[in-house]
Amino acid sequence: MPEINDIDAEILRFIRAHEPTSLDSIISGLPNISAVSFRVKQMCSSGRYHTPGTRDRNDWFITQDTRTFRDGTVLKEEYLDAYRLTDLGKKVLQDHEYSEKKHRRELWLKNAWIPIIVAFVTTLLTNYMLPKLPQIIEWLSHTLSKTSS
């Protein structure tokens, strides 16, 4: 199953929100990410050979719109400056977002809720045990004296 990093996920999120979108729009919309055009080309179908008018495989995350035309007897394809997510790109982005959400939930549970619960239980026990401490000591000494006799 293909996985993406956080930077590629940001690019895919931007395309999903603005599709179809141009490469210039992606670059200007993500100013903190360098090499956006390289990353887009890596995830895009336009860098791969296929017969004009067809798609050979669906193993890329972004597709670039094309215009197919006939030049005499030859069928040609021209790439347009419009990018969209493929179904695989949508799936991979959704998987990445679910994984991030799950990781955040686990982190929140481990780093926040468990210490809060431990502090709450400790406080309850302390508040319950301190007033009863003389009775507990008396009971304990009584029990130990019976056991030792």
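## A walk through the fold

Read from one end of the sequence to the other, the protein follows the pattern α-α-α-β-β-α. That amounts to 4 helices and 2 strands. Please keep in mind as we go that this is a predicted model. Of the 149 residues in the protein, 26% are buried. The protein exposes about 10700 Å², and carbon and sulfur atoms supply 60% of that area. As for how the chain meets itself, take the contacts with a separation of 6 or more: residues 24 or more positions apart account for 49% of them.

Let us start with a pair of helices. Two packed helices are described by the angle between their axes and by the distance between those axes. Here, helix α1 covers residues 6–18 and helix α3 covers residues 36–43; their axes come within 11 Å and cross at roughly 85 degrees. An angle from 65 to 115 degrees counts as roughly perpendicular, so α1 is roughly perpendicular to α3. On the α1 side, the contact is made by Ile7, Asp8, Ile11 and Leu12, while α3 brings Val36, Arg39, Val40 and Met43. Sorted by character, the residues of this contact are 6 nonpolar, no polar and 2 charged.

The charged residues in that contact deserve a second look. Side chains of opposite charge can pair when their charged atoms come close. Arg39 and Asp8 do this in a salt bridge, with N to O at 3.0 Å. The pair links distant parts of the chain, since Arg39 sits in helix α3 and Asp8 in helix α1, 31 residues apart. Is Asp8 buried or exposed? With a relative accessible area of 11%, Asp8 is buried, because anything under 20% falls in that class.

How many salt bridges are there in the whole structure? A search finds 9. One of them brings us to the strands: Glu78 forms a salt bridge with Arg67, and their closest N and O atoms are 2.8 Å apart. Glu78 lies in strand β2 (residues 74–85) and Arg67 in strand β1 (residues 62–71), so this pair ties together parts that are 11 residues apart in sequence. Both ends of the bridge have some access to the surface: Glu78 is partly exposed at 34% relative accessibility, and Arg67 is partly exposed with a relative accessible area of 41%.

Moving on to helix α4, we find a salt bridge between the side chains of Lys91 and Asp95, at 2.7 Å from N to O. The two residues are 4 residues apart in helix α4 (residues 87–148), so about one helical turn separates them. Lys91 counts as partly exposed, at 37% relative accessibility, and Asp95 is partly exposed too, with a relative accessible area of 27%. Salt bridges can also join up, and one network of them links Glu10, Arg13, Arg16, Glu97 and Glu100.

Finally, two spots in the loops are worth a look at the backbone. In the loop between α1 and α2 (23–29) you will find Pro20. A cis peptide bond joins Glu19 to Pro20, with omega at about -10 degrees. Further along, the loop between α2 and α3 holds Ala35. What is notable about phi of Ala35? Phi is near 60 degrees, which is a positive value in a residue other than glycine. Ala35 itself is partly exposed, with a relative accessible area of 44%.

Key:
Residues are numbered from 1 along each chain as its sequence is written. This is a predicted model: local features need pLDDT of at least 70, side-chain atom pairs count only at pLDDT 80 or more; totals for chains, interfaces and linings use all residues. Side-chain values use heavy atoms; hydrogens and water are left out. Axes are lines fitted to C-alpha atoms, for helices over the stretch in contact, and angles run from 0 to 180 degrees between N-to-C directions. Angles under 35 degrees count as roughly parallel, over 145 as roughly antiparallel, 65 to 115 as roughly perpendicular and the rest as oblique. Contact means heavy atoms within 4.5 Å. Ala, Val, Leu, Ile, Met, Phe, Trp, Tyr, Cys and Pro count as nonpolar, Asp, Glu, Lys and Arg as charged, and the others, Gly among them, as polar. A salt bridge is a side-chain nitrogen of Lys or Arg within 4 Å of a carboxyl oxygen of Asp or Glu. Buried means under 20% relative accessible area, exposed over 50%, partly exposed in between (1.4 Å probe, protein chains only). Accessible areas come from the Shrake-Rupley method with a 1.4 Å probe; for residues, only the protein chains shown count as cover.
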